[in-house]
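Let's take a walk through a protein chain, one piece at a time. Keep the 3D view open while you read.

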Amino acid sequence: MKRPLLFLAGLPLLVWAAFALPDIVASAKNLWDWRRALILLSGTLALWWMSAGMVLAARPPKLEKYFGGLDRLYRLHKDIGIGAGLLVFTHWMLEWLPKNLAKAGFIERPVRGPRPPRGPEDMWIDLAKDVGEWAGYILLALVVIALVKRIPYRYFRWVHKLFPLVFIAGAFHGLMLMPTNFWQQPLGWLTAGVAALGVGPAVLSLLGRIGARRQHVAHIESLSCHADGVLEVHCRPTGWPGHKAGQHVLADFGHTAEGAHPFTLANAWHPATGTLTLSIKGLGDYTRQLAERLAIGQAVKLEGPYGAFTFDADKAGSGEIWVAGGIGITPFLARLEELARQSEHTGRPIELFYATRAEHADAYPENLPALCEAAGVRLHRRYTDTQGPFDTRDILHHATAGSSVWFCGPEGWGLALEKAVASTTPPVRFERELFAFR
């Protein structure tokens, strides 16, 4: 499914147009009738999107593989969350705006007949309305916090943990207020089924069981601090299943406010040694403090391995071009180590373009030239503050038919390189690590 967002919007719209729209067209007498129909439609769409976001948040292995890695699955989760927020906002405005314009006298409201007496079921209807309203406010706040990167991650995480409750409240609101005739149509059945799909992951999240089967306890064996702010954490896990070069883990160092953060594994897996290396760049408040907060012997909870940035698809390729910026070198370090340990190299030319600042240029990784030589990889090093950035033409000059470009680094550079690769002749495959999970 190349366009999951289009599918997620198109399927319920298509069912609505086929089964609900004809009755609306036949019975609608004024704009207020159309308003009611659009309120129901926007609420249904929002419930579909919230449920899909909840399913993706559970990190199901089959969906991770299908979408090409946890990074892409989380990017889709983020887009769905933003879309759900917009749908909820639209749903709320369709309800609130015309009603208040009518109260202010700007538009005329149709005359209503006498209302039937209230019954016991109205208590549940009123509760569903109130619950849905507050769930909508919280969801909109989640979207704002997710988009404002200046808000520290710990606050984003704690507010984000409310989403399972928001989803359950939204599902209760939507299903309770669904008109009777919707339950006689495919859209009602499908919406109930979609809501049920999201309830399971929501309960798992509230119980703290998401990813539990892929969690392993490790203990820190050594710590190495480099002059450029990179901290190497060497740890030994228990029951680790192994990983491929280029994969990452969610590491929880036991700091409750922060929880787990994603870090790429900087070494290949060797059962004989049984250790893992996390290379952590101090880019935020939390990562800058880790060197002082961690200690040898401390327990670490690792979840994974995750990711599809694993070079598997290049076994039959004609050549590889690796492009890394700063701490984006880590997946390539694991692959270099893997290649260096092989008795024979791949036979395919591999070019590594690595850009960093000149200050502390050789602080991390210290042995990169020697590792590249041992792996049969040609290194191109550039110091951006004194030499400027790499010219994209120089990078793609090494591309031939069947080549692939692998990128891990700053997002802006990755987008520019992806755009350049798309117009390359002959076609060149492009893989990029989407590591901005938030």
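## The big picture

The protein chain has 15 helices and 11 strands. Helices here are DSSP runs of H or I with at least four residues, strands are runs of E with at least two, and both are numbered from the N terminus. This is a predicted model, where local features need pLDDT of at least 70, side-chain atom pairs count only at pLDDT 80 or more, and totals for chains, interfaces and linings use all residues. Residues are numbered from 1 along each chain as its sequence is written, and side-chain values use heavy atoms, with hydrogens and water left out.

Picture a box of roughly 85 × 50 × 40 Å along the principal axes: the C-alpha atoms of the protein chain fill it. Of the 438 residues, 45% count as buried. Buried means under 20% relative accessible area, exposed means over 50%, and partly exposed is in between, using a 1.4 Å probe and protein chains only. Now look at contacts, meaning heavy atoms within 4.5 Å. Among contacts in the protein chain with a separation of 6 or more, 74% come from residues 24 or more positions apart.

## The parallel sheet

In what order do the five strands of the open sheet sit? The order is β9-β8-β7-β10-β11, and the pairing is parallel. Two strands count as paired if DSSP finds at least two bridges between them. At the edges stand β9 (378–383) and β11 (429–432), each with a single partner strand, so one side of each is left without a neighbour in the sheet. Direction ignored, neighbouring strands of this sheet are turned by 15° against each other on average.

Zoom in on β8 (residues 350–356), which pairs with β9 in the parallel sense over six bridges. Here F353 stands opposite H380 in β9. Helix α15 (residues 411–422) packs on the sheet and touches β7 (319–325), β8, β10 (403–408) and β11. The direction of α15 makes about 170° with that of β11; angles like this run from 0 to 180 degrees between N-to-C directions, with axes fitted as lines to C-alpha atoms, for helices over the stretch in contact.

Strand β10 is also home to W406. Why does W406 count as buried? Its relative accessibility is 1%. W406 and T310 are 96 residues apart in sequence and 9.8 Å apart in space, going C-alpha to C-alpha.

## An antiparallel pair

Over to β2 (residues 230–237), which pairs with β5 in the antiparallel sense over six bridges. One pair of residues to find is L231, which stands opposite I280 in β5. Strand β5 (residues 276–281) is mostly covered, with five of its six residues buried.

## Two helix pairs

The axes of α11 (residues 330–341) and α12 (residues 368–375) come within 8 Å and cross at roughly 45°. That is why α11 and α12 are oblique to each other. For the labels, angles under 35 degrees are roughly parallel, over 145 roughly antiparallel, 65 to 115 roughly perpendicular, and the rest oblique. In this pair, L333, L336, E337, L339 and A340 in α11 meet L368, L371, C372, A374 and A375 in α12. By class, this contact of α11 with α12 has nine nonpolar, no polar and one charged residues. Ala, Val, Leu, Ile, Met, Phe, Trp, Tyr, Cys and Pro count as nonpolar, Asp, Glu, Lys and Arg as charged, and the others, Gly among them, as polar.

Helices α1 (residues 4–19) and α9 (residues 186–206) have axes that come within 9 Å and cross at roughly 155°. They are therefore roughly antiparallel to each other. P12, V15, W16 and F19 in α1 meet P186, L187 and L190 in α9. The contact of α1 with α9 has seven nonpolar, no polar and no charged residues.

## A few spots to click on

Try H77 in helix α5 (residues 70–103). With 15% relative accessibility, H77 counts as buried. Leaving out residues up to four places away in sequence, H77 touches G53, L56, A57 and H160.

R59 is found in the loop between α3 (31–57) and α4 (61–67). R59 has a positive phi of about 55°, although it is not a glycine. Buried or exposed? R59 is buried, with a relative accessible area of 13%.

Last stop: P305 in strand β6 (residues 299–306). The peptide bond from G304 to P305 is cis, with omega near 5°.
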